[in-house]
Amino acid sequence: MKKDAAECTRVLKDRFGYDTFREGQAEVVDALLSGRDAVGIMPTGGGKSICYQLPALLLPGVTVVVSPLISLMADQVRSLSENGIPAAFLNSSLNPEAFCDTVRAAAAGEYRLLYVAPERLDTAPFRELARNLDVSLVAVDEAHCISQWGQNFRPSYLNIADFITQMPRRPVVSAFTATATLRVREDIVAALGLRDPLTVVSGFNRPNLYFEVTKPQNKQKELLLYVKKRAGRCGIVYCSTRKTVEAVRELLARHGVSAVRYHAGLSDAERRRNQEDFLYDRADVMVATNAFGMGIDKPDARCDNCGNCHGAFEEVDATEWMRAALNCVHQICGRGWPYGKAMVCDVLKGAVNEKVRRARLADVRTFGLLTALPQRKILDVLDALEQDGFLAVSDGRYPTLTLGPEAERAREEGFRYMLRVPKRAPDADGNADATSEDLFETLRALRRRLAEGANVPAY
Ligand code: ADP
């Protein structure tokens, strides 16, 4: 059933309106048309649907598309119908009459594509129907749902292989996902019983994506500002914990932003509903943990549009800074008063201000221990220590610091704490000014210590 490339390109243009194939599409189409199984691993929006929709037009009989989301099925069937391609779905959103009509039309061979949820393949009536259809191709969309290592494991995906086996003639089988991990890929091939599949991985480098790391002083304020500036446009806020998802969603809702939540603690039904609300523009913002499967699931993703990869950061040995900070938190928070990062930073910096004076913190041993560091850098160190679990920040209205669960590790002999810090631009002579500034500050701190020891002024 091999078709030549020119014919495929003509169908692509005539039926779908596209001039050229996107990366990976032509290879998958070619494999499927020549009777070879295929796995397409392409990012969301990469154009997976064409990979099976186009062969569906050129192969005899019908293509069965297995898709996990009712709304996505409806969406695809609508746009296929708009292109004059006969397609339908069978799912619970149809009333009994429409369901029977669709089954009758399918049995009469009226559709090129028939969309079903994986659960439908388990039912005897659908198996009976499928056995009597001329099924040339089975396309499994969102195929990572087959993998127990994937984020959205859906048990009935495991029965697709059984469905295929009971067909009178084995159709060509294809699987598509945006999840690129090897483990998931291997699961897909094994669990679907794919035969010598062509595997195409494409397009994870997305020039339209840009990554930037910023450290806002006030995360909530900054987030609200960011979202408000883009009112009416959609976006995803990823949070590291379920609790933060809840808090951020509430914050946005309080400020009139239509936001839905997504994390592993919700029921399947709510997760699906919220995902669909987001996909179909009923909610502008999705607040989610990485359980929401649109993240970059690729360990070596380094999409050059990222500050980290641009060499904007360097690793420095921050063990002394860490010790100073942990000692300071231990000392001043150990006095029974709750203090936040700002106060700890003031103490480490040796700032003589009203707050410090009133709290009588100028006499603690760690006062001024990091006087050589700019205040911003001390705060960066405290942030990093919090992220790495050496410090913990309480929730309440005034977040206060305590030692974190990792703090004990810092006492271990030989323990070094390495920190990624933003590099500064080299000066006119090509010297990295971060290095010279750090050296200067180190020397100044040394001078101060020596001066203190000798009880003389520091000059
Ligand atoms: P995926 O299923 O991979 O998320 P889709 O199949 O929904 O992606 O395609 C994403 C978008 O790209 C759709 O708007 C589709 O019309 C468009 N698209 C797909 N293939 C092409 C192509 N060859 N040329 C131009 N646009 C394309």
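**A buried aspartate, two sheets' worth of strands and a helix crossing**

D346 is buried, its relative accessible area being just 6%, where anything under 20% counts as buried. This comes from a predicted model, so the picture below is a computed one. D346 is found in helix α14, which covers residues 341-349. Leaving aside residues up to four places away in sequence, D346 touches A351, N353, K355, V356 and Q375.

Q375 also leads on to the next stop, since helix α16 takes in residues 375-387. The partner to look at here is helix α13, made up of residues 319-333. Two packed helices are described by the angle between their axes and the distance between the axes. For α13 and α16, the axes come within 10 Å and cross at roughly 80°. With angles of 65 to 115 degrees counted as roughly perpendicular, α13 is therefore roughly perpendicular to α16. On the α13 side, the residues that meet α16 are W321, M322, A325 and L326. On the α16 side, K377, V381, L382 and L385 meet them. Sorted by class, this contact holds 7 nonpolar residues, no polar ones and 1 charged one.

Turning to the strands, β5 (residues 135-140) is mostly covered, with 6 of its 6 residues buried. β5 pairs with strand β2 (residues 62-66) in the parallel sense, over 5 bridges. In that pairing, V62 stands opposite V135 of β5. β5 also pairs with strand β6, which spans residues 172-177, again in the parallel sense and over 4 bridges. Here V138 is the residue that stands opposite V173 in β6.

Another group of strands lies further along the chain. Three strands form an open sheet in the order β8-β10-β9, with parallel pairing. The edges of this sheet are β8 (235-238) and β9 (259-262), each pairing on one side only. On average, neighbouring strands in the sheet are turned by 25° against each other, direction ignored. Between β8 and β10 (residues 285-288), the parallel pairing runs over 4 bridges. One of the residues involved is I236, whose bridge partner in β10 is M286. A helix joins in too: α11, residues 242-254, packs on the sheet and touches β8, β9 and β10. The direction of α11 makes about 175° with that of β9.

Notes:
Residues are numbered from 1 along each chain as its sequence is written. This is a predicted model: local features need pLDDT of at least 70, side-chain atom pairs count only at pLDDT 80 or more; totals for chains, interfaces and linings use all residues. Side-chain values use heavy atoms; hydrogens and water are left out. Two strands pair if DSSP finds at least two bridges between them. Helices (H or I, at least four residues) and strands (E, at least two) are DSSP runs, numbered from the N terminus. Axes are lines fitted to C-alpha atoms, for helices over the stretch in contact, and angles run from 0 to 180 degrees between N-to-C directions. Contact means heavy atoms within 4.5 Å. Angles under 35 degrees count as roughly parallel, over 145 as roughly antiparallel, 65 to 115 as roughly perpendicular and the rest as oblique. Ala, Val, Leu, Ile, Met, Phe, Trp, Tyr, Cys and Pro count as nonpolar, Asp, Glu, Lys and Arg as charged, and the others, Gly among them, as polar. Buried means under 20% relative accessible area, exposed over 50%, partly exposed in between (1.4 Å probe, protein chains only).
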